[in-house]
Structures are given as C-alpha cells and as structure tokens.
Amino acid sequence: MTSLTLVRVDILSKEYPPAIYGGAGVHVAELVRALRERGDVEVQVRCFGEPRDEPDTTAYPDLAELASSNAALKTLGVDLTMAGDCVGADIVHSHTWYANFGGHLASLLGGMPHVVTAHSLEPMRPWKAEQLGGGYRVSSFAERTAYEGAAAVVAVSAGMRADILRSYPSLDPERVHVVHNGIDSQLWSCDRSDDARETVVRHGIDPDRPSVVFVGRITRQKGLPYLLRACAELPPEVQIVLCAGAPDTPEILAEVEQLVADLRQGREGVVWISDMLPRSEVVALLSHGTVFACPSVYEPLGIVNLEAMACELAVVATATGGIPEVVVDGQTGWLVPIDQVTDGTGIPVDPEAFIADLAAALTEAVSDPDRARQFGLAGRERAVESFSWSTIGDRTLEVYRTVLDH
C-alpha cells in the first residue's frame, strides 16, 4: 500500500476561515486541521477571497476582468487562477462546485488524481435556477464535468452516495466512497455557565422556558417555512428561537418575514436572530434549548445536527438524505417522515401532512423535557464516539491511498 509520507495534498474550497457560512466550510477547516496534525501529509489550502494569515494557505480574489459578469463566471475565473498553482501536488481535493472545476483543471494540467467531496449536488437543488439564472447551468456543467472526471468522489453520507449515483449514472460506483462529516466535540459542548445564560437572556430568550431552536441559512433546502407553520401548533409557553440569515433570494426572505410576523401575532417568545453569531453564542443557545429543529427537505448529512447533539440537545429532524445516519429515532431524537416529489426539489408530496407530523414531533419533545434531556445526552455520546475529526481524517486518507495505488 502506498505510504502517504511527504505526499502533498492541495485542498480547494470557496470557504475557509474566517469566511465560513455553511457546513462545507466547517468540513474543510476541520479536515485540514486533522490532516495537518498527523504530520505525515503536507496540506496546501487554496481558497477564495481575501488573503489569509495562515501558513500553506493561499487565497484567490475574483478576477477584476469579470467584475460585471454572472456570479458563476466569477467563480470559474477564480478556479482558473487556482488551478495552475496546484501543479506539483500529488493529489488535488476539491469541495463544492465552486472549487470542483479548479480541481478538474489542475488534474488535467498536472496529471495528479482529483478527489471531490460532495457536500451537495446541483441536480438536487433546481431552485437555484431562481437564484442564479443561467449561472445555474454553468454551475451544473462545472460540477458534472468534475465528478465524471474525478479519480474518487467522497459522499458525506450513504444517502448522499445514492444521490450522486442517481444524478451521475455514468460514475463507476467503486469510485464513490462514504466519509461522514465530523464534529469537534471540544469546541461544541454543553455550556450552561452563568455567562452562557446571560448570552441567552441578552438575545431575549427566557432560559427557564421550553424552546425550539433552529440554526441555518434561509434556503429552500433548509425547510424553514415548514417549521414556522408547524410552530403555530406548539403549546403557547414554547419559545421559537431562529438563528436564520443569509437568504438565498428576496422571495424566500419575504416569505419567512411574513411567516414570522404571522407567528408573532399568535404567540410570544418568537426570537429571530438574523446575524451570524460567534460559535460561543450558538453553543449557549443550543445548550439552553429543549429541542433542535432540522426541517430540511435536502440535507446530505447535516453538520448542524451534530453540533446540536454535541451540545446535548435532542433533535427533531426530517428523515431525508443523510440525516437518519446521524439522528437515531427514539434514541437521540425524533425523525419526521416525509414523502417527497422526485423532480429534484425535495418538496413534500403533501406539505400539510409533513407540517402536521413536524408539529407533532416537536410537541412531543417539548412536552417531555426529561426524555428530551436523555436524548440529548445520548446524542452527545454518539457525536463523540462516531463523528470525531481524527476518524474522518483517517477515512479520507484511505481514499487518498486508493487513488494513489491506482
């Protein structure tokens, strides 16, 4: 088997600290740390945006010549400048369509194998055409080309692996590997200190009242409108805590604003925090919640569920994508069934039934806080044992060995 000593891996990503806004960015940051800590792999990070003050990390700004172009073309411009610098690497490893084309070009240019980690799939997100227009066709082209040309594709869940093979049927199934997302259980752990309690109170939340907590971007895939409709059915004393920002489109933002306004007309304790909070504050909110809600209609794995579980919070989540590989029904939370249309949008066949089932699971959770606490403790144990980043690093190295041996 090939030794990985002194092997150079170039990791390509749009997101990298401090510019992280989703699970893919968290994954990249933690994977890089896990690989670098081993000491037997040289990791070069190539990311988008402003210069980073970190060794072996290079950032690439948008090309000035493309300043007025479609956002997808701006992305490909960064990929072009990134690709040439990868020559000399033994493996190039890209994350999300934003960087996939850069990895593909680098592989063609330098002859090294290209590994792609799939965090989401363009064919599974057709609503992005509403957001990107023709750019969605460009992003779809970039992703498809990279996946079909990759030496290996890493899926963050078995559910995601099935989606990849369904979306790209020409792929050899033996080239598609499962390596779950992970969680840093030291950074994400329950904090019920006085300072954390003060943080919760400062955000307008009563730490002594039951609460349902949502953390996520305002996108179609996260299912926030379904949650807001379900919350109208919850007992009146239950608080609704929404850490929700970065809307995909003005249309979905307007929809969420209206649903929140409607909810506030019928109940107190609806708290909407639209700013991206520091991790310590998110930990405080999770640690003082009764249950975490993940109403996603598309979720390859759902790092956000792992974060909640690591903070000892029970989870109510949609039984879709990779979520059932993280949340164990009746042990770490409640899985809400969903019958979804097959056009790629993931929307429920019967939205009212899904909303009713979501409301019922949330009501059960907040009505039995002792059971919710037991689920939270079990969730913490599961997060620590099964989703550590050192484990994810080891499994990623196995994929690297596989492509190098070929």
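A residue counts as buried under 20% relative accessible area, as exposed over 50%, and as partly exposed in between. This cut-off is applied below to a predicted model. At 40% relative accessibility, D56 therefore counts as partly exposed. D56 lies in the loop between β2 and β3. Its backbone is notable for a positive phi of about 60 degrees, although D56 is not a glycine. T96 also has a positive phi, near 70 degrees, and is likewise a residue other than glycine. T96 belongs to helix α3. Its relative accessible area is 17%, so T96 is buried. A further backbone feature involves two prolines. P17 and P18 are joined by a cis peptide bond, with omega at about 5 degrees. P18 sits in the loop between β1 and α1.

One open sheet contains seven strands. Their order is β3-β2-β1-β4-β5-β6-β7, and the pairing is parallel. The edges are formed by β3 (57-60) and β7 (176-178). Each has a single partner strand, so one side of each lacks a neighbour in the sheet. From one strand to the next, the twist averages 20 degrees. Within this sheet, β5 (residues 114-118) pairs with β6 (residues 152-155). The two strands run in the parallel sense and share four bridges. One bridge partner can be named: V115 is matched by A152 in β6.

Helices pack on this sheet. Helix α1 (residues 23-38) touches β1 (7-13), β2 (41-48), β3, β4 (91-95) and β5. The direction of α1 makes about 160 degrees with that of β2. Helix α5 (residues 134-149) touches β5 and β6. The direction of α5 makes about 125 degrees with that of β5.

Helix α2 (residues 71-85) packs against helix α3 (residues 96-110). The angle between them is about 35 degrees, and their axes are 8 Å apart. The crossing of α2 past α3 is right-handed. On the α2 side, the contact is made by A72, T75, L76, D79, L80, A83 and G84. These meet W97, Y98, A99, F101, G102, L105, A106 and L109 in α3. Eleven residues of this contact are nonpolar, three are polar and one is charged.

The length of α2 can be checked against expectation. Its 15 residues, at 1.5 Å a residue, should span 21 Å. The end C-alpha atoms are 22 Å apart, which agrees. Buried positions in α2 are A72, T75, L76, G77, V78, D79, M82 and A83. These buried residues pack against β1, β2, β3, α3 and α5.

Another open sheet has six strands. Their order is β10-β9-β8-β11-β12-β13, with parallel pairing. Its edge strands are β10 (270-273) and β13 (333-336), and each pairs on one side only. Neighbouring strands of this sheet are turned by 15 degrees against each other on average, direction ignored. Strands β8 (residues 211-217) and β11 (residues 291-294) run parallel and are joined by two bridges. V212 has V291 in β11 as its bridge partner.

Helices accompany this sheet too. Helix α9 (residues 250-266) lies across β9 (239-245) and β10. It runs at about 155 degrees to β10. Helix α12 (residues 351-367) packs on the sheet and touches β8, β11, β12 (314-318) and β13. The direction of α12 makes about 170 degrees with that of β13.

Note on methods
Residues are numbered from 1 along each chain as its sequence is written. This is a predicted model: local features need pLDDT of at least 70, side-chain atom pairs count only at pLDDT 80 or more; totals for chains, interfaces and linings use all residues. Side-chain values use heavy atoms; hydrogens and water are left out. Two strands pair if DSSP finds at least two bridges between them. Axes are lines fitted to C-alpha atoms, for helices over the stretch in contact, and angles run from 0 to 180 degrees between N-to-C directions. Contact means heavy atoms within 4.5 Å. A crossing is left-handed if the near helix is turned anticlockwise from the far one by less than a right angle, and right-handed if clockwise. Ala, Val, Leu, Ile, Met, Phe, Trp, Tyr, Cys and Pro count as nonpolar, Asp, Glu, Lys and Arg as charged, and the others, Gly among them, as polar. The expected span of a helix is 1.5 Å times one less than its number of residues. Buried means under 20% relative accessible area, exposed over 50%, partly exposed in between (1.4 Å probe, protein chains only).
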